[in-house]
Amino acid sequence: MDSSSLPNLDLSKLSDADKRDLQQQLNNEMQKAKLNEAIHTLTDVCWTKCITGAPSSGKLSSKEESCAQNCVERFMDANTAVLRHLQVMQGEGM
């Protein structure tokens with residue numbers, strides 16, 4: 001669906017509560033998009049790093065599985081550290 005098929009919306013006619021609800025929905029959708037992007041990046045990075053060939057019989061080798069699990073854990077640790085740092089910076093009024 002492109003923007004030309006959307007009806008013209010007059011946001012000025014929305015109540016303050018409806019504007020807040022709409023803003024919250026937009027924020028939620030943006031968060032979902034960021035999460036999907038992070039998952040895609042994580043999958044791509046860890047697959048490239050850990051999976052050396054086509055999984056035989058639909059399963060990863062124990063080495064590949066261990067590598068992928070460690071990769072995911074390190075990715076999550078790094079993201080958590082960055083988020084904490086940003087929260088600290090935000091708290092300092094940056």
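Here are three short exercises on the disulfides of this predicted model.

**Exercise 1.** Find out how many disulfides the model has, and which cysteines they join.

*Solution.* Start with the basic idea: a disulfide is a covalent bond between the sulfur atoms of two cysteines. Next, look for cysteine sulfur atoms within 2.5 Å of each other. Cys-46 and Cys-71 pass, with 2.0 Å from S to S. Cys-50 and Cys-67 pass too, at 2.1 Å. That gives a count of two disulfides. Finally, number the bonded cysteines along the chain, and the pattern reads 1-4, 2-3.

**Exercise 2.** Work out which parts of the chain the link of Cys-46 and Cys-71 ties together, and its handedness.

*Solution.* Place each end first. Cys-46 sits in helix α1, which covers residues 16-50, while Cys-71 sits in helix α2, residues 62-91. So this pair ties together parts that are 25 residues apart in sequence. Now check the twist: the angle about the S-S bond is -85 degrees, and the link is left-handed. As for surroundings, buried means under 20% relative accessible area. Cys-46 has 6%, so Cys-46 is buried, and Cys-71, with 9%, is buried as well.

**Exercise 3.** Do the same for the disulfide of Cys-50 and Cys-67.

*Solution.* Cys-50 belongs to helix α1 and Cys-67 to helix α2, so the pair ties together parts 17 residues apart in sequence. The torsion about the S-S bond is about -65 degrees, so this disulfide is left-handed. Last, compare with the cut-off: Cys-50 has 3% relative accessibility and counts as buried, whereas Cys-67, at 22%, counts as partly exposed.

Note on methods. Residues numbered from 1 in each chain as written. Predicted model: local features only at pLDDT ≥ 70, side-chain atom pairs only at ≥ 80, totals over all residues. Heavy atoms only, no water. Helix = DSSP H or I, 4+ residues; strand = E, 2+ residues; numbered from the N terminus. Buried < 20%, exposed > 50% of the residue type's maximum accessible area, 1.4 Å probe, protein only.
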